[in-house]
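Visitor: I've got a structure to look over and a few things I'd like to ask. Could you walk me through it?

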Amino acid sequence: MKQEELQAIAAQLKHPTGEKGIEMANMMHETNINMTHHSIQNLNVSKENKILELGHGNAGHLEFLMDQAESLVYYGLEMSELMFQEARQINRNYVSQKQAFFLLYDGGVIPATDAFFDKIFTVNTIYFWQKPEELLLEIYRVLKPNGTFCLTFAEESFMKQLPFTEYEFTLYSTEKAQELIEKTAFKMVYKETLTEKIKSKTGELVDRAFTTIVLEK
Ligand SMILES: C[S@@+](CC[C@H](N)C(=O)[O-])C[C@H]1O[C@@H](n2cnc3c(N)ncnc32)[C@H](O)[C@@H]1O
């Protein structure tokens, strides 16, 4: 693949736009659903929880989340206007029932008051955080005391084999992510690395290692 094509893939993964962006979001949803479910299951949600997700893509996983407990309220934050629109459309029933709220933000300041959310999660976004420490502090600020934050990402050892990750991406191993977390007041309560089979761009199955780190305020 040419350098421009690899750069275009990286740019779409970071910020889906245009017709290609919708295709990319569908592909991400399919490829990453196991990671997303793992993050959600580690949140241990309970009745009436307010849940925030950063970087939901097309949010095709919302029904799975909503089935975890009764009367949940979901808030989804995105930087991509296309993903914001797509997620609202796919989840229009939850939106009209005021069970789901989608918002655009600048990737830095979370538009919420202190200690607003019971649970927060994010999947496959840490690679694109402009100011990782500051965003973690924002997540800490908007989480309730004893609230849970699940950070899910594919391991650097896997990601660095993909030709497009040399553009736009900052890769993390579990150790690197932990070093970042240690700069904040988050308590680490659990971490798990799993390996799953996913389809590569050329169609063959490859092993992907991914990690969920469970943090508490
Ligand atoms: C690789 S996609 C992952 C989408 C989905 N979470 C998944 O795992 O399939 C990254 C998504 O995060 C969004 N994004 C990038 N930087 C972000 C940030 N700082 N905060 C929130 N979302 C971000 C992008 O717009 C994109 O939709």
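Visitor: Is serine 173 buried or exposed in this model?
Guide: Keep in mind that this is a predicted model. Serine 173 has a relative accessible area of 13%. The cut-off for buried is under 20%, so the call for serine 173 is: buried.

Visitor: Which residue's backbone nitrogen does the side chain of serine 173 reach?
Guide: Start with the place: serine 173 sits in the loop between helix H7 (156-159) and helix H8 (174-181). From there its side chain gets to 3.1 Å from a backbone nitrogen, and that nitrogen belongs to lysine 176.

Visitor: What about lysine 131, buried or exposed?
Guide: Lysine 131 is in the loop between strand S4 (117-123) and helix H6 (132-142). Its relative accessibility is 53%, and exposed starts over 50%, so lysine 131 counts as exposed.

Visitor: How far apart in space are lysine 131 and glycine 108?
Guide: In sequence, 23 residues separate the two. Going C-alpha to C-alpha, the distance between lysine 131 and glycine 108 is 7.3 Å.

Visitor: Which residues that are not glycine have a positive phi?
Guide: Some background helps here: most residues other than glycine have a negative phi. One with a positive value is lysine 98, at about 60 degrees, in the loop between helix H5 (92-96) and strand S3 (100-104). Another has a phi of about 50 degrees and sits in the loop between S3 and S4. So the two to look at are lysine 98 and alanine 115.

Visitor: And how do lysine 98 and alanine 115 score on accessibility?
Guide: Lysine 98 has a relative accessible area of 60%, over the 50% cut-off, so it is exposed. Alanine 115 comes in at 33%, which falls between the 20% and 50% limits, so the label for alanine 115 is partly exposed.

Visitor: Let's turn to the ligand. How many residues surround it?
Guide: The closest are Asn32, Gly55, Glu78, Tyr105 and Val123. Helix H1 (3-14) and helix H2 (18-43) each supply at least two residues of the shell. By type, the shell divides into 9 nonpolar, 7 polar and 2 charged. The count of residues surrounding the ligand is 18.

Visitor: Which residue has a backbone N or O atom 2.9 Å from a nitrogen atom of the ligand?
Guide: Go through the polar contacts one by one. For lysine 14, a polar backbone atom is 3.4 Å from an oxygen atom of the ligand. For asparagine 124, a side-chain N or O atom is 3.1 Å from a ligand oxygen. The backbone atom at 2.9 Å from a ligand nitrogen belongs to glycine 55.

Visitor: How much of the ligand's area does the protein bury?
Guide: Take the ligand alone and it exposes 590 Å². With the protein around it, the buried part of that area is 97%.

Visitor: Where is histidine 29, and how far in space is it from glycine 57?
Guide: Histidine 29 lies in helix H2. At 26% relative accessibility, it counts as partly exposed. Glycine 57 is 28 residues away in sequence, while C-alpha to C-alpha the two are apart by 7.5 Å.

Visitor: Is isoleucine 139 buried or exposed?
Guide: Isoleucine 139 belongs to helix H6, and its C-alpha is 8.1 Å from that of phenylalanine 149, 10 residues away in sequence. Its relative accessibility is 0%, under the 20% limit, so isoleucine 139 is buried.

Visitor: Which residue is 9.6 Å from threonine 152 in space?
Guide: Threonine 152 is in strand S5 (residues 143-154), and with a relative accessible area of 1% it is buried. The partner sits 40 residues away in sequence, and the 9.6 Å runs C-alpha to C-alpha; the partner is glutamate 192.

Visitor: What does the UniProt record annotate over residues 52-150?
Guide: In the model, that stretch is 31% helix and 29% strand, with its end C-alpha atoms 11 Å apart. The UniProt entry is unreviewed, and its annotation for residues 52-150 reads "domain: Methyltransferase type".

Visitor: Last one: what is the radius of gyration of the protein?
Guide: The protein has 8 helices and 7 strands. For 217 residues the globule rule gives 17 Å, and the model's value is close to that, so the protein is as compact as a globular protein of that length; the radius of gyration is 16 Å.

How values were computed:
Residues numbered from 1 in each chain as written. Predicted model: local features only at pLDDT ≥ 70, side-chain atom pairs only at ≥ 80, totals over all residues. Heavy atoms only, no water. Near = heavy atom within 4 Å. Polar contact = N/O pair within 3.5 Å; in protein donor to acceptor, adjacent residues only side chain to side chain. Areas by Shrake-Rupley, 256 points an atom, 1.4 Å probe, with all protein chains shown as cover. Helix = DSSP H or I, 4+ residues; strand = E, 2+ residues; numbered from the N terminus. Nonpolar A, V, L, I, M, F, W, Y, C, P; charged D, E, K, R; others polar. UniProt positions renumbered as here; feature names shortened; annotations may be inferred. Rg over C-alpha atoms; globule rule 2.2 N^0.38 Å. Buried < 20%, exposed > 50% of the residue type's maximum accessible area, 1.4 Å probe, protein only.
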